[in-house]
Amino acid sequence: MFTHKDTLKVILWKGAEFIGLFLFLALIPRMMGPELYGDFAIMLSVLGLFILSNALGGLPVFGRFLPEFKANNQTTCIKGLFTQFFIFRLISALVLAVVLWFFLTYLRPDFDAQIIIVLCVACVFGAVSLSCTHLFYGLNKMSPYLFHDSFSRMLLVLILLGYWSDIGLQISVYALTVIEVVLASVLVFLSRNYFSFYSARNQFPTFYKHLKFGLAFFASNLLLMVVWRSGEILISFFTAASEQVAYYHLSNSIFLALTALLGQVAAVLIPSINTLHSLGEHKERDQWLRLMFVYLTVVSVLALIVVNSIGQPVLLLLLGPGYSEVTANLCIILISIIPLNMVRLGITVAMVHSKTRDNLLVACVAMFSFIFSAVILIPMMAAKGASFSVVISSFIAAGFSFHRFKLWKVVEIPNFGKIIGVGIVCIGLIESNFYPRVEMGFISLVFFMTMMLLLRIVKVSEIRSMISHQNKEKIKVMVE
């Protein structure tokens, strides 16, 4: 059972991850400059996509079956499943590394072959780390599960700072690879007791069943990751302008960090929602779904107000004048967090009702609409074209989710319209230039929250209910 202690661990480890991201954004882009950082951003994007391509649904598989094996003291089954996925993922990573080498050679023939080979090595070790982190997720060991993501950027910053006066793409990629090798080695050491080739061989007939289960979720997640992670590659392909890649990558990194934070907030409520569904309390289940959507939307609008009011001076202070276009890209792409709340609600409903096929359809719609938009907009607008493509894709996916999962049964359209309407007024006030943006941003924040309380969209009693988990005892009994 996921306890409040586990939630605190997640918050602390995520805090370390955000500190690493902040240090990275504050130091590395300024140190490299837009063109060099743009080339490095391509490498980071490729690494992220490669590792996600090797996920193969391991997270839902391990999250679904390992707790069951652990509860029944089936240690042999845990070892067998982990070893099977480790071997299969390692073979897949080696094959994809060869494909990656040819792909990067074609995409950026100006890159040195040695740099590309070193990056391929980093990708393979990243896939190794993924196998181990999925194991710890299934065993509910949050610290080793979050270890890689929490320390990777922080270590990268520390290494690159040592080359402040002599930074280059080769040094950056070598640093990236060293970190992946070190973190993978630590994770393999921590999971050493779960390697068992004998158990993997004896349980081979069950591997296809587990893999098939995971691939249903993997396909959907991978398609969504194409939307969020491939913008840098497409910008490089259509424009060959490294500085444009840098502008997009920085804004996208901040956007993904905020998206992940909102996703973590939603994840806290999902176990309760699933349990209420199992208990047959559908009315209360839908109430929790409504609350999740409403408050995530309110927080999303607050984020938009903050970014539009203080984004420009803060980012210029952190990144320097060479990255002045990052704020415009961030303000564009951040609009996506509003429709993505609808998509997230649809994914939650799909999990509750086991509608994996519908979830896959939503992901397909998101990916194809992104690619179609990107092919048209990126050649004309470069980084901003990629940002607008994410926004367009998110709204189309949200509309499709609303229809496919019948979300009108959960979403209160009048209240949603009020949140968006007040938010538009607040953004309009900031853009009006009546007062300096920072002061107007503060006024808009106060106005927005006051209106949310007066319109009874935000209720203190509901916030207390979510914090105190009034269903805690009932859910605990059900799980135990």
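Modeller: One cut-off before we start: a residue is buried under 20% relative accessible area, exposed over 50%, and partly exposed in between. Keep in mind that this is a predicted model.

Colleague: Fine. Why is L215 called partly exposed?

Modeller: Its relative accessible area is 34%. That value falls between the 20% and 50% limits, so partly exposed is the label. L215 belongs to helix 9, residues 204-229. Its C-alpha sits 9.2 Å from that of P60, although 155 residues separate L215 and P60 along the chain.

Colleague: And S129, what makes that one buried?

Modeller: S129 has a relative accessible area of 2%. The cut-off is under 20%, so S129 counts as buried. You'll find S129 in helix 5, residues 113-138.

Colleague: Which residues does S129 touch, leaving out those up to four places away in sequence?

Modeller: H148, E180, L183, A184 and L187. With A184 there's a polar detail too: a polar atom of the S129 side chain lies 3.5 Å from the backbone nitrogen of A184. The limit for a polar contact is within 3.5 Å, so the pair fits that distance.

Colleague: How do you know that helix 5 is largely enclosed by the rest of the structure?

Modeller: Count its buried residues: 20 of the 26 fall in that class, so the helix is largely enclosed.

Colleague: What sits at the ends of helix 5?

Modeller: At the N-terminal end, D112 acts as a cap, with a side-chain oxygen 2.9 Å from the backbone nitrogen of Q114. That is within the 3.5 Å limit, so the distance qualifies as a polar contact. After the helix comes N140, with a positive phi near 60 degrees.

Colleague: What span is expected for helix 16, and what does it reach?

Modeller: Helix 16 covers residues 383-404, 22 in number. The expected span is 1.5 Å times one less than the number of residues, so 32 Å is the figure to compare with. From first C-alpha to last, the helix reaches 31 Å, close to that value. Its buried residues include G385, S389, V390, S393 and A397. Just after the helix, K406 has a positive phi of about 55 degrees.

Colleague: What makes a set of residues a nonpolar core?

Modeller: Buried Ala, Val, Leu, Ile, Met, Phe, Trp, Tyr and Cys residues have to be joined through side-chain atoms within 4.5 Å. In this model the largest such core has 142 residues, and those with the most contacts inside it are F24, Y37, F40, W228, F255 and F448. Helix 12, residues 282-319, supplies the largest share of this core, 16 residues. As a general point, nonpolar side chains tend to be buried together in soluble globular proteins.

Colleague: What does Y37 touch, beyond residues up to four places away in sequence?

Modeller: Its partners are F24, I28, P29, M32, A246, H249, L250 and Y323.

Colleague: How many disulfides are there?

Modeller: The structure has 0. A disulfide needs a pair of cysteine sulfur atoms within 2.5 Å, so no pair here meets that limit.

Colleague: Why are C77 and C364 called partly exposed?

Modeller: C77 comes out at 21% relative accessible area, and C364 at 24%. Buried requires under 20% and exposed over 50%, so both cysteines land in between.

Colleague: And the chain as a whole?

Modeller: It has 20 helices and 0 strands. Buried residues account for 52% of its 480 residues.

Key: Residues are numbered from 1 along each chain as its sequence is written. This is a predicted model: local features need pLDDT of at least 70, side-chain atom pairs count only at pLDDT 80 or more; totals for chains, interfaces and linings use all residues. Side-chain values use heavy atoms; hydrogens and water are left out. Helices (H or I, at least four residues) and strands (E, at least two) are DSSP runs, numbered from the N terminus. Buried means under 20% relative accessible area, exposed over 50%, partly exposed in between (1.4 Å probe, protein chains only). Contact means heavy atoms within 4.5 Å. A polar contact is a pair of N or O atoms within 3.5 Å; within protein, one must be able to donate a hydrogen and the other to accept it, and residues adjacent in sequence count only if both atoms are side-chain atoms.
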